[in-house]
Amino acid sequence: MQYIKRAVSQNLKLPTAGPIGWLVKELIFLRINDPIEVQAAKLLNIQPHHNVLEVGFGPGVGLKEALGYIGKDDPGKVYGLELSPQMVHVATKRLQPYIASGKLQLTVGDAVNLPYPDGSMDRIFHVNCFYFWDDLHQGCRELYRFLSPGGAVASTMNRTIVEKSVDGGLNMYARQTDPAEYMKALDMAGFVGIKEEEFGEGRSKIYGYTASKEGEDRKD
């Protein structure tokens, strides 16, 4: 049993191509996380001209949602950064038409060392993710650095499921799941307008966290 718990924990942080990785992808990333990803993109008020980044995109549910706000002839583009090469492979297969059209770019990388030009993203989001970062404060500083003036960041999570997974030993690599610490890190990084919202009820309740960078949002 301990082996199974450790394997699930490892695949929640860094999904692999094995049987446990497949189960995590199918049961958690593509089912449980689906509405959480949709809510994150919705919170950002994505416009057709925006450059949008998802950090930790998994199989690409949130990326596809974000792409729905940007038409094929619009100037905006969606970027994805993912620590797991396996998830980059999965998302590449699922979203190949968007990649081929130039509307989507996927990269293997780490949230605490983002490989993009400063101020290049208008919107950034991540889902059930911040508690896996090696350095929460560095991760938030990176988000701030790459966000354009007036830009916004959003994070969503199902706190009930996350807390139960930690208590049950299925998420042992989650470093800091308390959203208050995440919001504190956003504040220390320079973000303003930090707020928490709740969507839904009971076990399906989604918690959303949004913040922005001072300045005027890009209009086109």
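**Buried cysteines, two cores and a one-sided helix**

Cys140 is buried, its relative accessible area being 0%. A second cysteine, Cys129, also counts as buried, at 10% relative accessibility. A search through the whole structure, which is a predicted model, nevertheless turns up zero disulfides.

Stepping back to the overall picture helps to place these residues. The protein has 220 residues, and 48% of them are buried. Its secondary structure consists of nine helices and seven strands. Contacts often link distant parts of the chain: of those between residues at least 6 apart in sequence, 77% join residues at least 24 apart. On the outside, about 10300 Å² is exposed, with carbon and sulfur atoms supplying 51% of that area.

The interior can be explored through its nonpolar cores. The largest of these has 32 residues, and Leu53 and Trp133 are the ones with the most contacts inside it. Two or more residues each come from strand 1 (51-55), strand 2 (77-82), strand 4, helix 7, strand 5, helix 9 and strand 7. Leu53 is a good place to begin a tour: beyond the residues up to four places away in sequence, Leu53 touches Tyr79, Gly80, Leu81, Leu114, Tyr116, Met121, Arg123, Ile124 and Phe125. Apart from this core lies another, made of 22 residues, including Ala40, Ala41, Ile46 and Leu63.

Helix 9 is one of the contributors to the largest core, and its own layout is worth a closer look. Within this helix, which spans residues 179-189, the buried positions are Pro179, Tyr182, Ala185, Leu186 and Ala189. These residues lie on the same side of helix 9, because the arc they cover around the axis is only 115 degrees. The spacing fits a general rule: an α-helix has 3.6 residues a turn, so residues three or four places apart point the same way. The packing partners of the buried residues of helix 9 are strand 4 (121-127), helix 7 (136-146), strand 5 (147-157), helix 8 (159-167), strand 6 (192-199) and strand 7 (206-212).

Both ends of helix 9 have features of their own. At the N-terminal end, Asp178 acts as a cap, with a side-chain oxygen 3.0 Å from the backbone nitrogen of Ala180. Just after the helix comes Gly190, which takes a positive phi of about 115 degrees.

Two loop residues complete the picture. His50 sits in the loop between helix 3 (34-43) and strand 1. His50 counts as buried because its relative accessibility is 0%, below the 20% cut-off. The side chain of His50 reaches the backbone nitrogen of Gln47 at 2.9 Å. Once neighbours within four places in sequence are set aside, the contacts of His50 are Asn45, Ile70, Gly76, Lys77, Asp122, Arg123, Asp217 and Arg218. Arg123 is also among the residues that Leu53 touches.

Gly58 belongs to the loop between strand 1 and helix 4 (61-67). With a relative accessible area of 9%, Gly58 is buried too. Leaving out neighbours within four places in sequence, Gly58 is in contact with Glu82, Met87 and Ala91. Gly58 and Met87 stand 29 residues apart along the chain, yet their C-alpha atoms are separated by 5.2 Å.

Note on methods:
Residues numbered from 1 in each chain as written. Predicted model: local features only at pLDDT ≥ 70, side-chain atom pairs only at ≥ 80, totals over all residues. Heavy atoms only, no water. Buried < 20%, exposed > 50% of the residue type's maximum accessible area, 1.4 Å probe, protein only. Helix = DSSP H or I, 4+ residues; strand = E, 2+ residues; numbered from the N terminus. Arc of directions from axis to C-beta. Contact = heavy atoms within 4.5 Å. Polar contact = N/O pair within 3.5 Å; in protein donor to acceptor, adjacent residues only side chain to side chain. Core = buried A, V, L, I, M, F, W, Y, C linked by side-chain atoms within 4.5 Å. Disulfide = S-S within 2.5 Å. Areas by Shrake-Rupley, 256 points an atom, 1.4 Å probe, with all protein chains shown as cover.
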